Amino acid sequence: SSLQTASEGSGVIYKKSGNAAYIVTNNHVVSGASALQVIMSNGKKVQAELVGTDSTTDLAVLKISAANVTTVAKFGNSNSIKAGQDVLAIGSPMGSEYANTVTKGIISAPKRTISASSSNSGTNTTVIQTDAAINAGNSGGPLVNMAGQVIGINSMKLASASQGTSVEGMGFSIPSNEVVRVINQLVANGKITRPSLGI
C-alpha cells in the first residue's frame, strides 16, 4: 500500500517495439524491488515492468510504454575500442537529484579482468576500465563513445584499496557486446540458461 524508494540507478532505452520500449540497467539497481518507476530524461515518471535479470553479469531488462519514447540508443562494438579513446558516462550520480549528469574520460583499459564480488558465481569478469567519473546512481547508465554509441553499461567503481587507500578514477563498465548478448536472451526467455557439469 505504501512504497518507499529503496534505490536509484540509471538505464538506457535501447529498443522500441510496438507499444513497448525496453531499458537495460544493472541487476543490483532493481534487485528486490516491489515496484519499478522510470524517470524519463524530460522528468516524466512512468511505471516499469521487469522483463528479466541476470545476477552473474549484473544486467536487467525493464519494459515501459513506448508512448513517451522518441528515440533509442544504439550499441557500438566494444571489441573495437582502444585505450586512450575519449568516452562519456551518463547517469544520475547520487540519485535523481543529479539526473542527466555527463562526465568525460578515457578508456583506461579496453579489457580488464577483475574479481566481481557481487557475482554469484564468484568468478572473474572482463570489463572496460575508464577514468570517467562514476558514482553511486550511475549504475546501469551508458558509457558512450564520441560517435554517440553505447559501448558499455557502467556497473561499478573501485573506491578504496584493500589497505584503505583512497582510489580515484577507476570505474568499470560491462562491454556492449556482452550486454547485447545477455539482454537479447533476457527478452526472449526472461533469464539466462548456462550449461553446468556436476561431478
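Glycine 190, just after H2, takes a positive phi of about 80°. The exercises below start from that helix. The model is predicted: local features need pLDDT of at least 70, side-chain atom pairs count only at pLDDT 80 or more, and totals for chains, interfaces and linings use all residues. Residues are numbered from 1 along each chain as its sequence is written, and side-chain values use heavy atoms, with hydrogens and water left out.

**Exercise 1. Determine which residues of H2 are buried, how they are arranged about the axis, and what covers them.**

Step 1. Helices (H or I, at least four residues) and strands (E, at least two) are DSSP runs, numbered from the N terminus. H2 covers residues 176–189, 14 residues in total.

Step 2. The expected span is 1.5 Å times one less than the number of residues. H2 reaches 20 Å from its first C-alpha to its last, close to the 20 Å expected.

Step 3. Buried means under 20% relative accessible area, exposed over 50%, and partly exposed in between (1.4 Å probe, protein chains only). Ser176, Val179, Val182, Ile183 and Leu186 of H2 are buried.

Step 4. These buried residues fall within an arc of 125° seen down the axis, so they line one face of H2. The arc is that of the directions from the helix axis to the C-beta atoms. An α-helix has 3.6 residues a turn, so residues three or four places apart point the same way.

Step 5. Ala188 and Asn189 are exposed, on the face of H2 turned away from the buried side. The cover of the buried residues, with contact meaning heavy atoms within 4.5 Å, includes E1, E2 (20–25), E4 (45–54), E5, E10 (150–157) and E11 (171–175).

**Exercise 2. Characterise the aromatic pair and place its two rings in the chain.**

Step 1. Rings of Phe, Tyr and Trp (its six-membered ring) pair if their centres lie within 6.5 Å; planes under 30 degrees apart count as stacked, over 60 as edge-to-face and the rest as tilted. The structure holds one such pair.

Step 2. The centres of the tyrosine 14 and phenylalanine 75 rings are 5.9 Å apart and the planes are at 55°, so the pair is tilted.

Step 3. Tyrosine 14 belongs to E1 (residues 12–17), and phenylalanine 75 to the loop between E5 (59–65) and E6 (86–91), so the pair ties together parts that are 61 residues apart in sequence.

Step 4. Tyrosine 14 is buried at 11% relative accessibility, whereas phenylalanine 75, at 23%, is partly exposed.

**Exercise 3. Describe E3, its side chains and its pairing with E4.**

Step 1. In E3 (residues 36–39), Leu36 and Val38 point to one face and are buried; Gln37 and Ile39 point to the other and are not.

Step 2. Two strands pair if DSSP finds at least two bridges between them. E3 and E4 pair in the antiparallel sense over four bridges, with valine 38 opposite valine 46 of E4.

Step 3. The two strands form a hairpin with five residues between them, and glycine 43 in the turn has a positive phi of about 95°.

**Exercise 4. Trace the pairing of E8 with E7 and E11.**

Step 1. E7 (residues 101–115) and E8 (residues 124–130) run antiparallel and are joined by six bridges. Threonine 113 has threonine 126 in E8 as its bridge partner.

Step 2. E8 and E11 also run antiparallel, joined by three bridges. Threonine 130 stands opposite glycine 171 in E11.
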